[in-house]
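This report is for a reader who has not met the structure before. It goes through the strands, the cores and the helices in turn.

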Amino acid sequence: MGGVDFWVWWLIVAGGFAIPLVLTAMPEFGMLSVGAVAAAAASALTDNLAVQVVLFCLVSTALIVVVRPIARRSREQPPGVSTGVDALKGRSAVVVERVDAHRGQVKLAGEVWSARALDGGEIFEPGSQVSIVEIDGATAVVM
């Protein structure tokens with residue numbers, strides 16, 4: 001490659017892997033990019049292209065083997081603790097005032113909420129237990 005330093009080419013390769021990383025959000029491209037940066041750093045220590053290629057392969061493979069399963073596990077874990085109105089979904093409430101498709105009241109988490117039935121034909125009488133399906137503004141939608 002007559003006079004051109006290999007580190008320049010490795011940085012071009014790293015940039016080449018960074019582009020699809022940004023476009024596709026696939027972390028594997030980032031790991032390959034890091035491997036190319038490691039090879040660029042190795043080119044400062046040695047002119048041996050074989051050593052640089054082996055280092056690129058080792059670093060990229062190590063990152064994919066180690067980091068990818070960790071990332072997959074964290075992505076598959078359920079979200080942390082629900083807060084706010086999300087924490088109320090699925091909870092039980094007691095009907096305080098008759099609940100139908102348009103109006104009513106329930107006692108939920110120690111507070112009285114306006115409520116309406118999810119199914120327009122259902123009616124819940126005072127004292128009955130209902131489940132919170134969602135919170136629509138300040139109204140609990142129940143079933």
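## A first look at the strands

Which residue stands opposite Ser114 in strand 3? The residue opposite Ser114 is Gln105.

This is a predicted model, in which local features need pLDDT of at least 70, side-chain atom pairs count only at pLDDT 80 or more, and totals for chains, interfaces and linings use all residues. Residues are numbered from 1 along each chain as its sequence is written, and side-chain values use heavy atoms, with hydrogens and water left out. Helices (DSSP runs of H or I, at least four residues) and strands (DSSP runs of E, at least two) are numbered from the N terminus.

## The barrel

Five strands form a closed barrel in the order 1-2-3-5-4, with mixed pairing. On average, neighbouring strands of this sheet are turned by 55° against each other, direction ignored. The axes behind this angle are lines fitted to C-alpha atoms, for helices over the stretch in contact, and angles run from 0 to 180 degrees between N-to-C directions. Two strands count as paired if DSSP finds at least two bridges between them. Strands of a sheet pair through backbone hydrogen bonds, either parallel or antiparallel.

Strand 2 and strand 3 are antiparallel and share four bridges. Besides the pair already named, Lys107 stands opposite Val112 in strand 3. Strand 3 and strand 5 run parallel, joined by four bridges; here Ser114 faces Thr139 in strand 5, and Arg116 stands opposite Val141 in strand 5. Strand 4 and strand 5 run antiparallel, again with four bridges, and Glu134 stands opposite Val141.

## Two hairpins

The hairpin of strand 2 and strand 3 has two residues between the strands, and Ala109 takes a positive phi near 55° there. Ala109 has this positive phi although it is not a glycine. Its place is in the loop between strand 2 and strand 3. With a relative accessible area of 48%, Ala109 is partly exposed (from 20% to 50%; buried means under 20% and exposed over 50%, with a 1.4 Å probe and protein chains only).

The hairpin of strand 4 and strand 5 also has two residues between the strands. In this hairpin Gly137 takes a positive phi near 70°.

## The nonpolar cores

A nonpolar core is a set of buried Ala, Val, Leu, Ile, Met, Phe, Trp, Tyr and Cys residues joined through side-chain atoms within 4.5 Å. The largest has 15 residues, of which Val99, Val106 and Val142 touch the most other members. At least two residues of this core come from each of strand 1 (92–97), strand 2 (105–108), strand 3 (111–117), strand 4 (129–136) and strand 5 (139–142). Apart from this core lies another, of six residues, among them Trp10, Ala14, Ala36 and Phe56.

Contact means heavy atoms within 4.5 Å. Leaving out residues up to four places away in sequence, Val142 touches residues including Val99, Val106, Phe124, Val130 and Ile132. Val130 is found in strand 4 and counts as buried because its relative accessibility is 2%. With the same sequence neighbours left out, up to four places away, the contacts of Val130 include Arg91, Val95, Val106, Phe124 and Met143. The C-alpha atoms of Val130 and Gly110 are 15 Å apart, with their positions 20 residues apart along the chain.

## The helices

How far apart are the end C-alpha atoms of helix 3 (residues 49–76)? They are 40 Å apart, which agrees with the span of 40 Å expected for its 28 residues at 1.5 Å a residue. The expected span is 1.5 Å times one less than the number of residues. Helix 3 bends by about 30° at Val67, and Pro69 follows within four residues. The bend is the angle between axes fitted to the seven residues ending at a residue and the seven starting there. Gln52, Phe56 and Ser60 are the buried residues of helix 3, and their cover includes helix 1 (6–24) and helix 2 (27–45).

Helix 2 has 19 residues that should span 27 Å, and its end C-alpha atoms are 28 Å apart, which agrees. Its buried residues include Glu28, Gly30, Met31, Ala36 and Ser43. Helix 1 and helix 3 are among what covers the buried residues of helix 2.
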